[in-house]
Amino acid sequence: MEFFNGVGGDPLKPSLFELVAQEQLRDLLQPALKYVLAVFAQRYPRYLIRIVNRHEEFYAFIMLFVERHYLRKHNASFSENFYGLKRRRKPWITTERATAAVGGIPAGEKLRSREIWRSLFLLIAVPYLRAKGQDYYESLGGGIDSDILEDGGSERHIRELTDESIAGVLRRKFKTLYPWFNTGFEVWLLAHNVAYLFDRTPFYRPWLAWIGVDLRRLNMDDFLAHQAKQNVISSQKSGFLAVLRRLLLRSPQLLLDSLRLLLPTAIFFIKFLEWWYSPGSPARSLSISPLGPAIPPPQILPPHPAGITIDSTKYGHCPLCKEPIHNATALPSGYVFCYRCAHDHVEQHGNCPITLLPAKAWQLRKVLV
């Protein structure tokens with residue numbers, strides 16, 4: 001049971017399962033934010049569509065302030081603080097030997113600006129670069145089912161990967177080396193996790209040694225110091241103006257501290273909505289009343305006079321290539337085409353060929369038949 005109660009018999013040393021759980025919480029924040037933005041962007045595309053298209057940058061910008069606040073105030077990242085963990089500057093790295101506590105943290109263990117900025121880089125910049133690398137790899141056709149790309153790749157992918165310029169050579173090298181690099185990185189992390197599990201290293205992530213910190217559980221002194229700080233705040237002047245002034249000065253901190261409860265609750269609620277509205281969810285059948293009238297499907301949008309015409313006699317044929325539909329794909333207008341035909345048309349013209357409504361490649365939806 002030592003794996004659960006503290007590695008190596010140290011009660012303040014978190015188990016690997018706690019560390020993995022806090023990482024999973026952090027990894028769920030970006031998809032949850034992206035889901036919320038995508039939902040609201042459907043109603044307010046003029047204001048939010050650019051943010052949705054740049055959600056990695058938007059998420060990194062937001063988390064820069066959140067993580068900086070938690071590292072400075074709580075000596076931990078957001079997810080680490082949620083799980084009752086803190087970052088400690090290792091005694092053998094620092095030259096300070098003070099024993100006085102700063103907000104419940106010994107002065108020799110308090111994170112300095114150097115450790116905070118290094119932590120921010122590894123908490124925000126590294127995941128951002130990995131996400132962008134994965135997106136670029138997929139944009140080159142890597143990891144995409146060949147059935148979606150029909151004969152193995154669209155014309156754009158073939159053109160980019162057969163380019164003989166320096167840029168084309170670099171693209172091919174990246175597409176070849178990225179899977180190996182990504183796999184090697186994951187194996188490296190797994191090996192470090194196993195070493196931490198068997199108490200072979202004090203760092204569950206290799207870069208924590210470079211930062212000069214390790215992770216610890218919050219102890220009784222931390223909770224007592226936090227309670228004493230709250231008592232000092234509550235004992236201050238209780239006049240209306242004094243209270244209003246304190247609220248105005250502390251409102252940013254109160255907002256950031258409230259994220260400790262708001263964000264996990266929001267993630268749970270969003271996951272519940274995804275399950276509720278998923279096609280195979282049994283809850284959907286419960287929400288349909290057998291006595292009530294069936295809701296009719298929305299009416300199909302009428303074709304634009306300047307758009308292409310539809311031959312109603314050729315059901316199941318693509319309106320663009322006039323051939324039987326292969327890999328049926330729907331545009332936001334509701335009309336169905338071959339994936340390759342729809343993708344190439346949207347890339348070139350940016351609209352539905354029938355209704356001429358604006359459309360983007362990321363809005364294409366594969367139709368299951």
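Trainee: Is Glu-115 buried or exposed, and what is its relative accessible area?

Mentor: Glu-115 is buried, with a relative accessible area of 1%. Keep in mind that we're reading a predicted model.

Trainee: Which residue forms a salt bridge with Glu-115?

Mentor: That's Arg-112, and the closest N and O atoms are 2.8 Å apart. Arg-112 has 30% relative accessibility, so it counts as partly exposed. The pair therefore joins a partly exposed arginine to a buried glutamate.

Trainee: How many salt bridges does the structure hold?

Mentor: Nine. Some share partners: Glu-23, Arg-26 and Arg-205 are joined into one network that way.

Trainee: Let's walk through that network, then. How do Glu-23 and Arg-26 sit relative to each other in helix 2?

Mentor: Here's the general idea. An α-helix has 3.6 residues a turn, so residues three or four places apart point the same way. In this case, Glu-23 and Arg-26 are three residues apart in helix 2, about one turn. Their side chains meet in a salt bridge at 3.6 Å, N to O, and both residues are buried.

Trainee: Where does Arg-205 lie, and why does its pairing with Glu-23 tie together parts far along the sequence?

Mentor: Arg-205 is in the loop between helix 8 and helix 9, while Glu-23 is in helix 2, so the pair links parts that are 182 residues apart in sequence. The N to O distance for this salt bridge is 2.8 Å. Both ends are buried: Glu-23 has a relative accessible area of 12%, and Arg-205 has 8%.

Trainee: What else is in the loop between helix 8 and helix 9?

Mentor: Thr-201 is one of the residues there. At 13% relative accessibility, Thr-201 counts as buried. Setting aside neighbours within four places in sequence, Thr-201 is in contact with Lys-13, His-192, Ala-195 and Tyr-196.

Trainee: And which residues does Asn-193 touch?

Mentor: Asn-193 sits in helix 8 and is buried, with a relative accessible area of 12%. Not counting residues up to four places away in sequence, Asn-193 touches Leu-16, Tyr-204 and Arg-205. You've met Arg-205 already, as the salt-bridge partner of Glu-23.

Trainee: Helix 2 keeps coming up. Why does the spacing of its end C-alpha atoms agree with its residue count?

Mentor: You work out a span from the rise per residue and compare it with the model. At 1.5 Å a residue, the 28 residues of helix 2 should span 40 Å, and the end C-alpha atoms are 42 Å apart, which agrees.

Trainee: Which residues of helix 2 are buried?

Mentor: Among them are Leu-16, Leu-19, Leu-25, Leu-29 and Leu-37. The buried set also includes polar or charged side chains such as Glu-18 and Gln-22, alongside Glu-23 and Arg-26.

Trainee: Which residues touch the most other members of the largest nonpolar core?

Mentor: That core has 26 residues, and the ones touching the most other members are Leu-19, Met-63, Leu-71, Ile-124, Tyr-204 and Leu-208. The elements giving two or more residues to this core are helix 2, helix 4, helix 6, helix 8, helix 9 and strand 4. Take Met-63 as a sample: leaving out residues up to four places away in sequence, Met-63 touches Leu-29, Arg-68 and Ile-124. Apart from this core lies another, of 12 residues, including Cys-318, Cys-338, Cys-352 and Ala-359.

Trainee: With those cysteines around, how many disulfides does a search of the whole structure find?

Mentor: Zero. For Cys-318, the nearest cysteine sulfur is that of Cys-321, 3.8 Å away. A disulfide needs the two sulfur atoms within 2.5 Å. The sulfur of Cys-321 has its closest cysteine sulfur in Cys-341, at 3.8 Å, which is too far for a bond. As for burial, Cys-318 is buried at 1% relative accessibility, whereas Cys-321 is partly exposed at 30%.

Trainee: Last one, zooming out. How many helices and strands does the protein have?

Mentor: There are 13 helices and seven strands. Of the 369 residues, 33% are buried. Among contacts with a separation of 6 or more, residues 24 or more positions apart account for 58%. The accessible surface comes to about 23500 Å², and 64% of that belongs to carbon and sulfur atoms.

Key:
Residues numbered from 1 in each chain as written. Predicted model: local features only at pLDDT ≥ 70, side-chain atom pairs only at ≥ 80, totals over all residues. Heavy atoms only, no water. Buried < 20%, exposed > 50% of the residue type's maximum accessible area, 1.4 Å probe, protein only. Core = buried A, V, L, I, M, F, W, Y, C linked by side-chain atoms within 4.5 Å. Helix = DSSP H or I, 4+ residues; strand = E, 2+ residues; numbered from the N terminus. Contact = heavy atoms within 4.5 Å. Expected span 1.5 Å × (residues − 1). Salt bridge = Lys/Arg side-chain N within 4 Å of Asp/Glu carboxyl O. Areas by Shrake-Rupley, 256 points an atom, 1.4 Å probe, with all protein chains shown as cover.
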